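Here's a quick briefing to read alongside the coordinates. Have a look at the model first, then come back for the notes on overall make-up, helix packing and cysteines.

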Amino acid sequence: MQVSLPGLLICAAILVVAYHSRGMLIIGLIASQAFGATAIMTLTFLGGSSPLIYTIFALLLVTAVAARRRIWFDLGIVFGSIRPVWILTSLMVYAIIGSWLFPRFFAGQTAVFVQSKTRGTVVEDSLAPVSGNISQTGYFILGGLAAIALCTLLLHSNRIDQVRRGFFLWCGLHTGMGLIDFIGKNVGAGDLLAPIRTANYAIITDAMEAGFVRITGPFSEASSFASVSLACLAFCYSYWRKTKSPLAKWLSGILLFLSILSTSSTAYVGLTLLCIPVAFSMLASVLKGKVEREEMLIIALMVLGGTAILGISLYKAEALDPFVRLINSTIINKADSGSGHERTYWNLKSLQSFLDTSGLGVGFGSSRASSWPIAVLSQLGLFGSLMMAVLLCILARGLGAVREGVDPETDAVVASVRNAALASIIAMSVSGGSADPGILFFIALAVVSATRARALRGMNALRRAPASGHGTVNVVSGGSAGLALRRQRFSAMCQGPVLFNTDSDAQ
């Protein structure tokens, strides 16, 4: 085992910042996602696996919650209030059993793609137990446990402000390091973030695409940076639209700029898909005749950008040639490239392995694909894929009908966190190689599920509580005054522990 000094220093810095932000565990866990290629150590006994620093914060969160005096009571409330936790736990158990059983039961019966121990590249081989069965399953289980621990804290008291600050810290760190990488490479200073990339990954940070320098930020390659940029962009844009936050607006603009200049196919395909719900939302506003100022700003910027491009092309057509070559190489001709053929082959063989194992899968961590849904299907099989699909639907639903029972700030944070996780899933569907949906998925699932449970609990308590005076008429009538009164009473009920009477909250 080899400890990474940069990883330890970054962990210490995040802990200090998170502690002074009055939310050490939650804020620290969320902010640590910004360092996507910084390992805390290298585990030589697991084939050189290098856990990222977020694993330390996830372990701290799980340990702190497990050390609570009435942990079994807390867990009882979590499992009794949040039904998706049962599905998550079942999926974790299935992943553990499958990662041990299926590579042995179907050994040699299908082909998989694994990391070569000698060449350091992905090679095709017969199915057999590999170190990835332990490491990848371990990361997945840690994410699931972190989600349960986070549900425990969020159910105990209102911590939505910690979640909001954690996500803005994460987005700010990601944006800042992306700008540092972009400026450093374009002014000739080189890779300024190389010292913090200590993970045992294939580091591809000096590549060029159609004459453009690829932005990798603190990650190992441009596609990973683009995936996280899309998630941060989804969070900031959603929060800006709901709260008109200036900070979220400026972060959204910079993240959009970095995503476009990342020269990653993941960024361009992901942005195209993310623009679809935005376009539908703006179209609905136009049809209703209620176009907001923010939507008018977006339309004006699009018109201005289109006019500028048209003017440049008329004045000097060859000035746009580098951008045309970039689009051709990253989108139009991507499928015909060597990388495109290779990734298509991975996906086809992964689907074949699903059929070769009669739909049971090859086991968690046994293989690599080039799309997250295909990786889930090939590794977890039909049964595990169905459970994952249910969790994804729960996340996509968000607060649903209980949204009217929460305050606007909570609604904005939960919706933004959900959209960030969905954007991450979209990015992984383009280029993700593992069945693990990532720690962001588990954080978002916990935030959505726990907030929904608290909202339902508060609304049920409100129905049982006797109303007095004219307030009863307002609540029943459903008028604006009644809605305000109902939200006020609900917020008062949910500010502190309602069903919990345990020790003081963990930071």
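Half-and-half is a fair start: 50% of the 507 residues of the protein chain count as buried. Keep in mind that this is a predicted model. The notes below go from the whole chain down to two helix pairs and a pair of cysteines.

**Overall make-up**
- The secondary structure of the protein chain adds up to 18 helices and six strands.
- Take the contacts in the protein chain with a separation of 6 or more: 73% of them come from residues 24 or more positions apart.

**H7 against H9**
- Helix H7 covers residues 160–186 and helix H9 covers residues 246–261; their axes come within 10 Å and cross at roughly 40°.
- An angle under 35 degrees would count as roughly parallel and 65 to 115 as roughly perpendicular, so with their crossing at roughly 40°, H7 and H9 are oblique to each other.
- The crossing of H7 with H9 is left-handed.
- On the H7 side, the contact is made by Phe168, Cys171, Gly172, His174, Thr175, Gly178, Leu179 and Phe182.
- H9 brings Leu247, Ala248, Leu251, Ile254, Leu255, Phe257, Leu258 and Leu261 to that contact.
- Sorted by class, the contact of H7 with H9 has 12 nonpolar residues, four polar ones and no charged ones.

**H14 against H15**
- Helix H14 (residues 372–397) packs with helix H15 (residues 408–431) at an angle of about 160°, and their axes are 12 Å apart.
- Anything over 145 degrees counts as roughly antiparallel, so that label goes to H14 and H15.
- H14 also passes H15 in a left-handed crossing.
- From H14, the contact takes in Trp372, Pro373, Leu392, Leu395, Ala396 and Arg397.
- From H15, the contact takes in Arg418, Ala421, Leu422, Ile425, Met428 and Ser429.
- The class split for the contact of H14 with H15 is nine nonpolar, one polar and two charged.

**Cysteines**
- How many disulfides does the structure hold? Zero.
- Cysteine 171 is in no disulfide, and the nearest cysteine sulfur, in cysteine 236, is 3.7 Å away.
- Why is there no bond between cysteine 236 and cysteine 171? A disulfide needs the sulfur atoms within 2.5 Å, and at 3.7 Å the two sulfurs are too far for a bond.
- Buried or exposed? Cysteine 171 is buried, with a relative accessible area of 0%, and cysteine 236 counts as buried at 0% relative accessibility.

How values were computed. Residues numbered from 1 in each chain as written. Predicted model: local features only at pLDDT ≥ 70, side-chain atom pairs only at ≥ 80, totals over all residues. Heavy atoms only, no water. Axes fitted to C-alpha atoms, helices over the stretch in contact; angles between N-to-C directions. Helix = DSSP H or I, 4+ residues; strand = E, 2+ residues; numbered from the N terminus. Left-handed = near helix turned anticlockwise from the far one by under 90°. Contact = heavy atoms within 4.5 Å. Nonpolar A, V, L, I, M, F, W, Y, C, P; charged D, E, K, R; others polar. Buried < 20%, exposed > 50% of the residue type's maximum accessible area, 1.4 Å probe, protein only.
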